[in-house]
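Visitor: Before we start, I would like to know how the labels in a structure like this are earned. Please take me through them one at a time.
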Amino acid sequence: MAHLFPLLLALVVTSYSPVGSLACALAQNHGQLHRNILVLLRQMRRISPFLCLKDRIDFRFPQEMVEGSQVQKAQAVSVLYETLQQIFNLFHTEHSSAVWNTTLLDQLHAGLHQQLAHLETCLVQEVGEGESAGAIRSPALTLRRYFQGIQVYLKEKKYSDCAWEVVRVEIMRSFFLSTNLQERLRSKDGDLGSS
C-alpha cells in the first residue's frame, strides 16, 4: 500500500501539469483529418452548384463563434465539437444515404467520428480544468439552431439534389471556418493537435 502512494501522487500531479494536457495534443493527424474531410466533401459533389443558384439561401452561420479574437479554448473546442457532431448527424440520415456515394459517405462518417473522439477528450479536459459549463453550452445551442435551419431547408425542398448541393457547399464553408478556428488556437498555444 505504501508503494502505491507515490504512484498515485505522480498521476495526480501529471494530470494537473502541462504534461496532463497532452491528451488533447496527442492527435498529430487532426489537421490532416480536417483536410481529408474537406476533400471528401468536395468529391461528394454530384451536380454543378451553378445549376442550383435559385435554391441558394443564407443559413447565417454564426461566424462570431469562429472569428472572434477573444474565443476561449474551452469555447473553441466546444464549437469545433458541436460543428463536427452536427455535420455527422446531418450526413448520417436515411435521406443523405439515398443521395450520396456510400463509399464517400462512409469515409466521411469515419473521419468525423475519429475527430469527434479526439475533441471529446479535449472537451472533457477543458471542463475538468474549471471552464464553466454555461460557456460551453451557449455556443452549442447556437450551432444546433443553425443546423436545425439546414434540416428545415432540406425538408422544405424535399431533399432535392439541388438542396443537398446547396447544403454540401454550406457545410464545406462552415467546416472550413471551424478549421481556421482550430489553426488559430493551435498557433496560439499548440494544444488541439496538428498535422
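Guide: Start with residue classes: Ala, Val, Leu, Ile, Met, Phe, Trp, Tyr, Cys and Pro count as nonpolar, Asp, Glu, Lys and Arg as charged, and the others as polar. The model itself is predicted.

Visitor: What makes up the lining of the largest pocket, by class?

Guide: Seven lining residues are nonpolar, five are charged and none is polar. Among the residues that line this pocket are Pro49, Cys52, Phe59, Glu165 and Arg173. The space in the largest pocket is about 230 Å³.

Visitor: Why is Arg173 called partly exposed?

Guide: The relative accessible area of Arg173 is 32%. Buried means under 20% and exposed means over 50%, so a value of 32% makes Arg173 partly exposed. Arg173 is in helix α9, residues 161-189.

Visitor: Which residues does Arg173 touch, leaving out those up to four places away in sequence?

Guide: Arg173 touches Phe61 and Gln63. The C-alpha atoms of Arg173 and Leu38 are 9.4 Å apart, with their positions 135 residues apart along the chain.

Visitor: How many aromatic pairs are there?

Guide: The count is seven. One of them joins Phe59 and Tyr153.

Visitor: Why is the pair of Phe59 and Tyr153 called edge-to-face?

Guide: Ring centres must lie within 6.5 Å to pair, and planes over 60 degrees apart count as edge-to-face. For Phe59 and Tyr153 the centres are 5.1 Å apart and the planes make an angle of 85°, so the pair is edge-to-face. Phe59 is in the loop between α3 and α4, while Tyr153 is in helix α8, 94 residues apart.

Visitor: How do you know whether Phe59 and Tyr153 are buried or exposed?

Guide: The cut-off for buried is under 20%. Phe59 has a relative accessible area of 10%, so Phe59 is buried. Tyr153 has 4%, so Tyr153 is buried too.

Visitor: What makes the pair of Phe91 and Trp164 tilted?

Guide: Stacked planes are under 30 degrees apart and edge-to-face planes over 60, and the rest count as tilted. Phe91 and Trp164 have 40° between their planes and 6.0 Å centre to centre, so the pair is tilted. Phe91 lies in the loop between α5 and α6 and Trp164 in helix α9, so the pair ties together parts 73 residues apart in sequence. Phe91, at 0% relative accessibility, counts as buried, and Trp164, at 1%, is buried.

Visitor: Which residues form one aromatic cluster with Phe91 and Trp164?

Guide: Trp100 and Tyr159 form the cluster together with Phe91 and Trp164.

Note on methods. Residues numbered from 1 in each chain as written. Predicted model: local features only at pLDDT ≥ 70, side-chain atom pairs only at ≥ 80, totals over all residues. Heavy atoms only, no water. Helix = DSSP H or I, 4+ residues; strand = E, 2+ residues; numbered from the N terminus. Buried < 20%, exposed > 50% of the residue type's maximum accessible area, 1.4 Å probe, protein only. Contact = heavy atoms within 4.5 Å. 1 Å grid on protein atoms, 1.4 Å probe; cavity = no way out; pocket = protein on both sides within 12 Å on 5 of 7 lines; lining within 4 Å. Points joined across faces, edges and corners; volume = space filled by probe spheres on them.
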